[in-house]
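Thanks for coming, everyone. I'll put the structure on the screen, and then we'll walk through it piece by piece.

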Amino acid sequence: MSFTKIHHYEKEYADTHHDTALNVAEGVEDQPIISPYFTRRKKRALTTDEYVEGILAGNITTLSQAITLVESSNPAHYAQAQEIIERCLPHAGRSVRIGITGVPGAGKSTFIEAVGNMVTSLRHKLAVLAIDPSSERSGGSILGDKTRMESICHNPDIFIRPSPSAGSLGGVARKTRETIVLCEAAGFDVVFIETVGVGQSETAVHSMVDMFMLLQISGAGDELQGIKRGIMEMADMMVITKADGENLHKAELARAQFQGALRLFPVPESGWRPKVYTCSAVAETGLEEVWKGVEEYLDHIHANGYFQHNRNRQNKYWMYETINEALRGSFYHDPAVEGKIAEYEQRVLDDRISSFIAAKELLELYFKDLK
């Protein structure tokens, strides 16, 4: 039956059945999605004094807004963020900073969730800075750590801040160190920095923490081949996760293998010989032993003076890193360089000039423009 005939029969039925409940009312005109009486109020920007007062009072909302300011690429935001950091600096530095990394699938978020609840039960306040990898194609990040750490995201003594890596070195957020300062000023005395995974990011995280913890799983083939030697040498503690059920024996075997391998490395500058632990975040076993190991390490480096020595060295390192970053940004945003860099790039690709000569001439152009 054609559409025209169907329409004809429907109209004929409607004309002869005026009182039937099957009649369809004409309805009303489309209403606006947003109420015409609604007015959007622009949120008032906080002053620097309000930011600092809120952070020192432990206001999580203000702390989150200040971190957003720190991560912003807006020059005006940068200036205000630096002022906030400078005023918070005298109130920072009183926490324990722990970097946590591991191979993908090692259960970093689950481990942090389990340990986080235990740490707060010991009357500590915990800040978790989770570095989320940004897509190389779209530049976006999932930022799903609050979803994964469901049991601790509502804990008033725990602050979770997922941050996009924004394409910086190995996935380490560019402003992580400034964020640590703000969290410490807000009263958090334990700071976890969860990295993307085993890679270049660990080097940068190692330069901003007091302790570096490496998580590893067993039963994934040759355990000693699953981790780079450089990462193992940086670790102050290793933890074999998922040590429960049928996997318990494999975890103990992996612990013995890693402990034996670590004995072959030279004793670190801290004078502490790294230890290997096993635990299960799901079964909540071995967690107390892990935290006891953390406390033993911290007692050791406080006693021999390495703790303060390491902090001083890190401050010096980040001073030079900040200088390098500022110089790099100044170079690439210089009008004279921006107008010529594409031309020099094409000349290099066409083999008309070497990479070194192109760099030298661009730098000369930059310094000439500064004069």
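Let's begin with a question: which residue in β6 does M213 stand opposite? The partner is M237. Keep in mind that this is a predicted model.

So where do these strands sit? β6 covers residues 237-240, and it runs parallel to β5. Four bridges join the two. β5 also pairs with β1, residues 96-102. That pairing is parallel too, over five bridges. One of the partners there is T101 in β1, matched with L214 in β5.

Now look at β5 itself, residues 211-216. How many of its six residues are buried? Six of the six. In a regular strand, side chains alternate between the two faces of the sheet. Here both faces are covered. On one side we have M211, M213 and L215, all buried. On the other side are F212, L214 and Q216, buried as well.

Next, the helices. Start with α10, residues 248-262. It has 15 residues. From first C-alpha to last it reaches 21 Å, close to the 21 Å expected at 1.5 Å a residue. Which of its residues are buried? A251, A254, F258, Q259, A261 and L262. They cover an arc of only 160° around the axis, so they sit on the same side of α10.

Now α11, residues 287-303. Its 17 residues should span 24 Å at 1.5 Å a residue. The end C-alpha atoms are 25 Å apart, which agrees. The buried residues of α11 are L287, V290, W291, G293, V294, Y297, L298 and I301. Seen down the axis, the buried residues of α11 fall within an arc of 150°, so they line one face of the helix. What does the face turned away from that buried side carry? Exposed residues: E288, K292, D299 and A303. Just after α11 comes G305, with a positive phi of about 85°.

On to the loops. S270 lies in the loop between α10 and β7, and β7 is residues 275-278. Is S270 buried or exposed? Its relative accessible area is 3%, and the cut-off for buried is under 20%, so S270 counts as buried. What does S270 touch, leaving out residues up to four places away in sequence? Y297, H300, I301, N304 and Y306. Two of those names, Y297 and I301, we just met among the buried residues of α11. The S270 side chain also reaches the backbone nitrogen of W272, at 3.3 Å.

The other loop residue to find is T285, between β7 and α11. T285 is partly exposed, at a relative accessible area of 38%. Setting aside neighbours within four places in sequence, T285 is in contact with A243, C279 and S280. Then there is D244, 41 residues from T285 along the chain. How far apart are their C-alpha atoms? They are separated by 8.3 Å.

C279 brings me to the last topic, cysteines. C279 is buried, with a relative accessible area of 1%. C88 is buried too, at 0%. How many disulfides does a search of the whole structure find? Zero.

To recap: β5 pairs in parallel with β1 and runs parallel to β6. S270 is buried, whereas T285 is partly exposed. That's my tour.

Definitions and conventions: Residues numbered from 1 in each chain as written. Predicted model: local features only at pLDDT ≥ 70, side-chain atom pairs only at ≥ 80, totals over all residues. Heavy atoms only, no water. Disulfide = S-S within 2.5 Å. Buried < 20%, exposed > 50% of the residue type's maximum accessible area, 1.4 Å probe, protein only. Pairing = 2+ DSSP bridges. Polar contact = N/O pair within 3.5 Å; in protein donor to acceptor, adjacent residues only side chain to side chain. Contact = heavy atoms within 4.5 Å. Expected span 1.5 Å × (residues − 1). Arc of directions from axis to C-beta.
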